[in-house]
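The following paragraphs walk through a single model, beginning at one residue and moving outward from there. Please keep the structure open while reading.

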Amino acid sequence: MCGIVGYTGPRPAAPLLLDGLKRLEYRGYDSAGIALVADGRIEVHKAPGKISVLEKELGTSLPPGHTGIAHTRWATHGAPNMVNAHPHTDCGGTLALAHNGIIENAGPLRAALAKRGHVFRSETDTEVLAHLIEERLAAGGALLAAVAGALQQLEGTYGIAVVSTREPDTIIAARHGSPLLVAIGAGENFVASDASAVLAHTRSVVYMDDGEIAVVRPTDYRIVDLDTVEKEKTITRVDWDLATIERGGFAHFMLKEIMEQPESLRNTLRGRLLEEDGTAKLGGLNIEDAELLQVNRIVFTACGTSWHSALIGEYMMEELARIPSEVEYASEFRYRNPIVDDRTLVVGISQSGETADTLAALREAKRRGARTLGLVNVVGSTIAREVDGASTKAFTSQIAALALLTLKMGRLRALSILQGREVVRALGRLPELVARVLTRAPEVERIGERMMRAGNVLYLGRGYNFPVALEGALKLKEISYVHAEGYPAAEMKHGPIALIDDLMPVVFIAPKDAVYQKVVSNVEEVKARGGRVIAVVTEGDTGLAKLADQKIEVPETLDFLTPVLTVLPLQLLAYYMAVRRGCNVDQPRNLAKSVTVE
Ligand code: F6R
């Protein structure tokens with residue numbers, strides 16, 4: 001994800017900016033750049049790939065300047081290359097701008113600016129803003145007024161940092177939808193998209209809110225609104241130790257990742273929902289609609305958690321796009337003699353983008369003439385480079401990305417515009433619903449405490465929530481080392497029912513969807529045998545809630561999107577049980593982050 005750092009003060013800015021960027025590296029990015037103001041001009045250096053590439057290009061003689069901005073980019077508009085990397089400049093090269101977020105009306109603004117003679121160098125939405133500010137400066141505006149005026153022309157989201165030769169020791173920063181803060185040092189100040197970038201230098205920060213602009217100079221700063229009216233802000237002192245800083249204030253990385261899901265989902269969906277047309281825009285797809293229409297079969301292939309997402313993808317694709325679909329473990333697919341042809345779309349799903357089996361399965365499919373598509377959470381991973389098209393972050397983001405792909409495929413076939421719009425609206429609401437479920441963490445923690453001594457746990461779900469049962473069981477196994485099984489709820493009576501007694505908790509994933517009544521019958525079967533039932537239910541459900549010993553509520557959404565909400569209590573349950581059992585949740589035994597061996 002994109003990152004911003006800015007510095008103004010007495011020290012040479014370049015080393016501080018590069019160091020700040022490195023502290024944001026964990027967020028993932030595909031290119032980096034810095035811009036410094038010195039001797040009445042702006043010097044910009046950018047490079048695709050890692051910050052080390054940029055450093056190598058800069059060599060030992062870092063550009064001079066005591067005020068500057070730096071950025072790590074995660075491509076949305078335009079390929080991840082040098083030209084599209086930030087900071088971007090205006091025609092005259094007298095201002096530079098770094099931006100996080102998406103300017104939704106960049107297209108028309110760009111066309112109008114081009115007509116007025118502005119020359120664009122990049123394909124980015126960001127460059128538009130540099131030219132808009134240039135125009136206002138040319139008309140005689142002061143830097144703050146020019147930035148504020150230009151921002152009022154934008155639709156979309158932004159966190160920006162601007163430097164200009166007009167006010168060589170000033171950084172203007174603004175926020176609408178993308179996090180940004182001002183960090184206050186002694187005779188020097190910083191701006192950053194994330195506190196970890198600057199906490200080595202100061203612990204006093206002012207968190208900006210949407211609609212605010214910061215004017216930051218070495219010895220002072222002020223915050224104004226878009227009409228440049230001054231605002232009172234409080235300074236927060238960040239007291240975390242270094243390890244906690246890296247964990248963003250959370251006790252464990254795992255909890256941080258769970259709690260970050262509203263944001264990761266927003267990032268997955270940003271700029272990809274076309275409400276008017278009721279469809280999705282998938283920039284990295286690299287496959288024409290005409291070719292997508294040729295696809296008559298989809299094979300999803302993946303391992304572990306990604307394989308569970310694939311199962312949900314299969315169900316969605318068949319129900320909404322009516323394309324025959326199947327799911328294969330990548331490790332099995334690669335050594336079978338799979339039947340695929342040029343009308344088969346083989347979709348490899350991988351969080352790391354480096355899983356050896358998934359890579360090999362995709363290569364095998366490609367060798368046999370199939371169309372291949374990578375759905376990965378790491379930009380620039382091996383899978384992202386080798387497949388015909390790549391999209392983008394773990395389980396809930398994968399489901400959202402699969403929903404986008406299904407929507408796109410469905411709108412080319414069976415889905416009406418009205419159905420499409422309903423899906424777009426439901427997807428748009430998801431991040432907020434996810435945030436709502438996450439506020440229930442203390443309830444889940446209490447349930448986890450009661451379950452901590454269990455030696456076995458059974459997870460049961462049906463339809464879209466059968467893969468969620470598998471995922472809930474996997475999470476518990478891998479971090480708490482408690483044996484758990486996921487099963488389709490109705491299959492339970494064909495064997496596992498023998499295991500049920502009052503010592504075995506049974507977790508039912510039972511939102512109010514098309515198979516809800518069926519799941520209620522399965523809950524009755526467990527209760528009849530003295531089983532202890534923990535149920536994930538839809539808010540306001542009174543039926544199941546009465547039957548279950550404990551319940552966790554999730555808001556209502558479309559059936560095929562329920563896994564994004566129902567999996568959250570299961571992630572939290574695994575986390576709290578593991579913590580209670582004294583397990584090292586961030587380094588579970590025997591597991592590797594990226595499984596690059598078969
Ligand atoms: C479970 C987990 C693994 C991975 C699997 C595939 O929490 O992390 O099961 O899902 O190793 O990895 P990716 O998605 O990187 O291909």
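Ser325 is buried, because its relative accessible area is 7%, under the 20% that marks the limit for a buried residue. The model is a predicted one. Ser325 belongs to strand β19, which covers residues 325–329. A polar atom of the Ser325 side chain lies 2.8 Å from the backbone oxygen of Ile323. If neighbours within four places in sequence are left aside, the contacts of Ser325 are Ile298, Phe300, Glu314, Met317 and Glu318.

Two of these names, Ile298 and Met317, return in the surroundings of Met409. With neighbours within four places in sequence left aside, Met409 is in contact with Leu292, Val295, Ile298, Met317, Ala321, Ile323 and Leu345. Ile323 is thus a contact of Met409, and its backbone oxygen is the atom that lies 2.8 Å from the side chain of Ser325.

Met409 leads on to the nonpolar interior. The largest nonpolar core has 88 residues, and of these Met409 and Tyr459 touch the most other members. The element that gives the most to this core is helix α20, residues 562–580, with twelve residues. Another core lies apart from it and has 29 residues, including Ala130, Ala148, Tyr158 and Ile172.

Tyr459 also serves as a link to helix α17. Ala473 lies in that helix, and Tyr459 is among the residues it touches once those up to four places away in sequence are not counted; the others are Ala484, Glu485 and Gly486. Is Ala473 buried or exposed? Ala473 counts as buried because its relative accessibility is 0%. Its C-alpha atom is 5.4 Å from that of Gly486, although the two residues are 13 apart in sequence.

The ligand comes next. Twelve residues surround it, and those that come nearest are Ser306, Ser350, Gln351, Thr355 and Glu478. Which atoms of the protein lie at short listed distances from its oxygen atoms? A polar side-chain atom of Ser306 lies 2.5 Å from an oxygen atom of the ligand. For Gln351 a backbone N or O atom is involved, at 2.6 Å from a ligand oxygen. Thr305 likewise places a backbone N or O atom 3.0 Å from an oxygen atom of the ligand. The ligand taken alone exposes 410 Å², of which the protein buries 81%. Two elements give two or more residues to the shell around the ligand: α10 (304–321) and α17 (466–480). Sorted by class, the shell holds seven polar, three nonpolar and two charged residues.

Two arginines can be set side by side. Arg367 is found in helix α12, residues 356–367, and is exposed, because its relative accessible area is 61%. Its C-alpha atom is separated by 17 Å from that of Arg297, which is 70 residues away along the chain. Arg247, by contrast, lies in the loop between α6 (242–246) and α7 (253–259). Arg247 counts as buried because its relative accessibility is 19%, and the limit for a buried residue is under 20%. Not counting residues up to four places away in sequence, Arg247 touches His252, Phe253, Lys256 and Asp586. The C-alpha atoms of Arg247 and Gly149 are 98 residues apart along the chain and separated by 37 Å.

Some details of backbone geometry remain. Most residues other than glycine have a negative phi, and most peptide bonds are trans. The peptide bond from His86 to Pro87 is cis, with omega near 0°, and Pro87 lies in the loop between β4 (67–73) and β5 (88–89). Asp39 is not a glycine, yet its phi is positive, at about 50°. Asp39 sits in the loop between β2 (31–38) and β3 (41–48), and it counts as exposed because its relative accessibility is 76%. Thr228, also a residue other than glycine, has a positive phi near 60°. The place of Thr228 is the loop between β13 (221–225) and β14 (230–231). Thr228 counts as partly exposed because its relative accessibility is 32%.

Technical notes: Residues numbered from 1 in each chain as written. Predicted model: local features only at pLDDT ≥ 70, side-chain atom pairs only at ≥ 80, totals over all residues. Heavy atoms only, no water. Near = heavy atom within 4 Å. Polar contact = N/O pair within 3.5 Å; in protein donor to acceptor, adjacent residues only side chain to side chain. Areas by Shrake-Rupley, 256 points an atom, 1.4 Å probe, with all protein chains shown as cover. Helix = DSSP H or I, 4+ residues; strand = E, 2+ residues; numbered from the N terminus. Nonpolar A, V, L, I, M, F, W, Y, C, P; charged D, E, K, R; others polar. Core = buried A, V, L, I, M, F, W, Y, C linked by side-chain atoms within 4.5 Å. Buried < 20%, exposed > 50% of the residue type's maximum accessible area, 1.4 Å probe, protein only. Contact = heavy atoms within 4.5 Å.
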